[in-house]
Amino acid sequence: MKIGSVQLKNNVFLAPMAGVTDMAFRIICKEMGAGLVFSEMISSKGLFYNDSNTKELMKINPNERPIAVQIFGSDPQVMAHVVECYLNPRDDIDIIDINMGCPTPKIVRNNDGCALMKNPSLVRRIFREVVKVSKKPVTVKIRMGWDREHINGLEIAKIAEEEGISALTIHARTREMFYSGKADWGYIKLIKENINIPIIGNGDIFQPEDAIEMLKSTGCDAVAIGRGARGNPWIFKRILGLMEGRKIPPPSLDEIVYTCIRHLNLLCSIKGEKIGVLEMRKHVAWYLKGQKDSNEIKNLINHIDNKEEMERVLLEYLYNNQ
């Protein structure tokens with residue numbers, strides 16, 4: 001499929017997740033077949049004020065492309081300036097995505113993320129200003145609305161189409177739901193039936209069959225997998241297999257542990273050993289979830305602060321469980 005001028009290999013994407021979809025994880029998901037990967041959300045104000053930590057999130061490896069960089073903010077001029085001065089000149093960025101789906105209190109209290117959905121006129125100004133200056137396709141991620149009494153995802157989607165947004169991702173929950181309850185795939189279908197730009201469905205894809213069912217039941221053009229990919233980058237390969245009529249089995253413990261070690265080495269090479277090891281702790285918990293004695297090894301891992309020791313513990317765990 002295509003988003004604007006960007007040709008993608010397939011329609012199975014890695015959704016943006018703060019603290020998860022960093023360069024190391026994106027590389028692994030791309031190798032597993034993801035047709036498009038999204039960065040963690042990046043503060044437009046952080047870029048505007050030249051914040052060094054924000055700029056770190058902008059690092060991209062050529063192997064990740066095509067990649068969408070997701071920005072958040074609520075000031076149309078600041079966002080347009082950032083696109084024009086920071087994102088347009090970057091040849092390694094393919095798509096610019098606007099975050100209007102993040103539900104976390106620290107984001108919405110500044111009227112960013114999903115809070116924008118409460119102000120459709122401001123949303124229109126943001127879309128208009130960003131699209132006007134962008135030399136790359138602009139996409140947006142939304143939710144159904146703020147809460148059950150204020151479901152306006154379709155209204156926002158129509159504004160997006162009118163203002164030249166190239167594709168729209170809909171997480172089929174309200175902000176009030178956060179990640180609880182069940183995603184309402186019927187709302188994805190409603191948007192798809194009323195909007196002509198590509199629609200990317202998101203929410204509750206945890207098994208390869210879920211992706212196939214979402215595509216079939218909603219008619220959406222692509223799926224974006226978030227929490228279902230944590231510790232499970234194989235989900236992309238397995239979905240693509242199903243699309244071709246092949247059922248690829250879940251990874252063996254060997255595959256899980258060696259991918260875990262590769263992820264650890266990638267993280268340490270990108271962020272340094274100290275940060276890499278600390279950040280890898282949560283990934284190990286996700287990789288080993290449901291495996292034999294996984295709680296014991298997770299407790300061990302959470303007290304390790306060097307790469308060599310973490311590798312040793314993982315390999316020992318594999319040896320003891322073969």
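Buried means under 20% relative accessible area, exposed means over 50%, and partly exposed lies in between, with a 1.4 Å probe and protein chains only. Keep that in mind; I'll use it throughout.

Now the ground rules. What you see is a predicted model, where local features need pLDDT of at least 70 and side-chain atom pairs count only at pLDDT 80 or more, while totals for chains, interfaces and linings use all residues. Residues are numbered from 1 along each chain as its sequence is written, and side-chain values use heavy atoms, with hydrogens and water left out.

Let's start with the cysteines. A disulfide here is a pair of cysteine sulfur atoms within 2.5 Å. How many disulfides does the structure hold? It holds 0. Take Cys 29, which is in no disulfide: its nearest cysteine sulfur belongs to Cys 260, 13 Å away. Cys 29 is buried, at a relative accessible area of 0%. Then Cys 220. Its sulfur is too far from any other for a bond, because the closest cysteine sulfur, in Cys 29, is 19 Å away. Cys 220 is buried too, with a relative accessible area of 6%.

Next, the strands. Strands are DSSP runs of E, at least two residues long, and helices are runs of H or I, at least four; both are numbered from the N terminus. Two strands pair if DSSP finds at least two bridges between them.

Look at β6, residues 67–72. Of its 6 residues, 6 are buried. Ile 67, Val 69 and Ile 71 point one way, and Ala 68, Gln 70 and Phe 72 point the other. Which strands pair with β6? One is β4, residues 36–38, parallel to β6 and joined by 2 bridges. There, Phe 38 partners Ala 68. Another is β5, residues 42–43, also parallel, with 2 bridges. Ser 43 sits opposite Phe 72. Then comes β7, residues 95–100, parallel again, over 4 bridges. Val 69 faces Ile 96 in that pairing. To get from β6 to β7, the chain passes through helix α4, residues 76–87, in a right-handed β-α-β crossover. Right-handed means that, with the strands pointing away from the viewer, the path from the first strand over the helix to the second runs clockwise.

Stay on β7 for one residue, Ile 95. Ile 95 is buried, with a relative accessible area of 1%. Contact means heavy atoms within 4.5 Å. Leaving out residues up to four places away in sequence, Ile 95 touches Ile 3, Val 6, Leu 36, Ile 67, Ala 68, Val 69, Pro 137 and Thr 139.

On to β8, residues 138–145. This strand is largely enclosed by the rest of the structure, because 8 of its 8 residues are buried. β8 runs parallel to β7, with 5 bridges between them. Ile 96 partners Val 138 there. β8 also runs parallel to β9, residues 167–174, over 6 bridges. Val 140 partners Leu 168. With helix α7, residues 153–162, these two strands form a right-handed β-α-β unit.

Last stop: helix α12, residues 273–288. Expected span is 1.5 Å times one less than the number of residues. For 16 residues that gives 22 Å, and the end C-alpha atoms are 21 Å apart, which agrees. Where is α12 kinked? The kink, about 35°, is centred on Arg 281. That bend is the angle between axes fitted to the seven residues ending there and the seven starting there. Buried residues of α12 include Met 280 and His 283. The buried residues pack against α1, α10, α11, α13 and α14. After the helix comes Gly 290, with a positive phi near 85°.
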